[in-house]
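Let's walk through a protein chain together, one question at a time. Have a look at it first, and then we can talk it over.

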Amino acid sequence: MKYEIKGETLPVVICHLEQGEKMITEGGGMAWMSPNMKMETTSNGGIGKALGRMFSSEKMFQNVYTAMDGEGMIAFASSFPGSIRAFEIAPNQEMIFQKSAFLASEIGVSMSIHFNKKVGVGFFGGEGFIMQKISGSGIAFAEFDGHVVEYELHSGERLVIDTGHLAAMSASCHMDIQTVPGLKNKFLGGEGFFNTVVTGPGKVWLQTMPIPNVAGALRPYIPTGNS
C-alpha cells in the first residue's frame, strides 16, 4: 500500500492498493474510491471488540475495503479542521490515541480500549478514562484537531499538558494528572483545576485546537432561542 496525504486545513489521505490489499475504517470514513473496491461490513474481532470500539467513541462495526481485479484507490477524509498523521504500528510500537482519532488502517492493525489505570486521570485529565490502543502490524492513520506538534521524551522526562491537547502518545509513555497549585490559580487563572502529565520514554503528539475548546469559544455566539 502506498499513500499520500493532501490538504492542510481539511486533509485527506489517498491510499493506492495492490490487488487483494485491504483497508479498514469505521462506517462513514470513506470519502471516495475506485469502482473496483469491494466493501464488507464486519465486527472485526467479535462482539467484544465491537463494544470496545463503541466505548472508545468509534462505531461498533467497521468496513473492510478490498482492491479487486487490479489496483485500487480509496480516500479517507478528516471530519474536522486539523491534521492526518500516519503511524507505523508493529510489536513494541503500539500507540495510544485520543477518543475518535482512528481514521483508517491496513488490515493487520487492530484497535482496542485503553483504560487509564487511575480513575482520576479519566475524570479530570481531559483525555477521558477510555482512550484507543492501536496495535498489530501495518500503517494506521489518525485525525487530530488543528496543527500537531511532536515531542520526544527521554526516560523520566515529563511534559505538562493543558486539558484536551494530548492527541497521541507512544504506548511506552505514562499518563497521569496533577492539580494546579494554589486556590487563586485554580479559580482565577482560567486554566482549570487539573493538567495532564505525560512521562517518557516515548513520543507525544499534541493538538492545537481540541474540539471542546472550539465549541466553548463558539457557544456565546450561538442563539439560545430565547432572544
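The questions below deal with confidence, salt bridges and one sheet of this predicted model.

Q: In which element of the protein is confidence lowest?
A: Across the protein the mean pLDDT is 82, and 78% of residues reach 70 or more. Strand β2 (residues 12–17) sits at the top with 98. At the other end, residues 182–190 have a pLDDT below 50. Confidence is lowest, at a mean of 44, in helix α3 (residues 183–188).

Q: Which residue forms a salt bridge with Lys133?
A: Lys133 lies in strand β12 (residues 130–136), and its partner is in the loop between β8 (82–89) and β9 (95–97), 39 residues apart. The closest N and O atoms of the pair are 3.5 Å apart, inside the 4 Å limit for a salt bridge. The partner is Glu94.

Q: How many residues apart in sequence are the parts that Lys203 and Glu150 tie together?
A: The two side chains meet in a salt bridge at 3.5 Å, N to O. Lys203 belongs to strand β19 (residues 202–207) and Glu150 to strand β14 (residues 148–153), so the pair ties together parts of the chain that are distant by 53 residues.

Q: What is the bridge partner of Asp176 in β18?
A: An open sheet of three strands runs in the order β15-β18-β17, with antiparallel pairing. Its edge strands are β15 (158–161) and β17 (174–179). β17 pairs with β18 (residues 194–199) over six bridges. In β18, Asp176 has as its partner Val197.

Technical notes
Residues numbered from 1 in each chain as written. Predicted model: local features only at pLDDT ≥ 70, side-chain atom pairs only at ≥ 80, totals over all residues. Heavy atoms only, no water. Pairing = 2+ DSSP bridges. Helix = DSSP H or I, 4+ residues; strand = E, 2+ residues; numbered from the N terminus. pLDDT = per-residue confidence, 0-100. Contact = heavy atoms within 4.5 Å.
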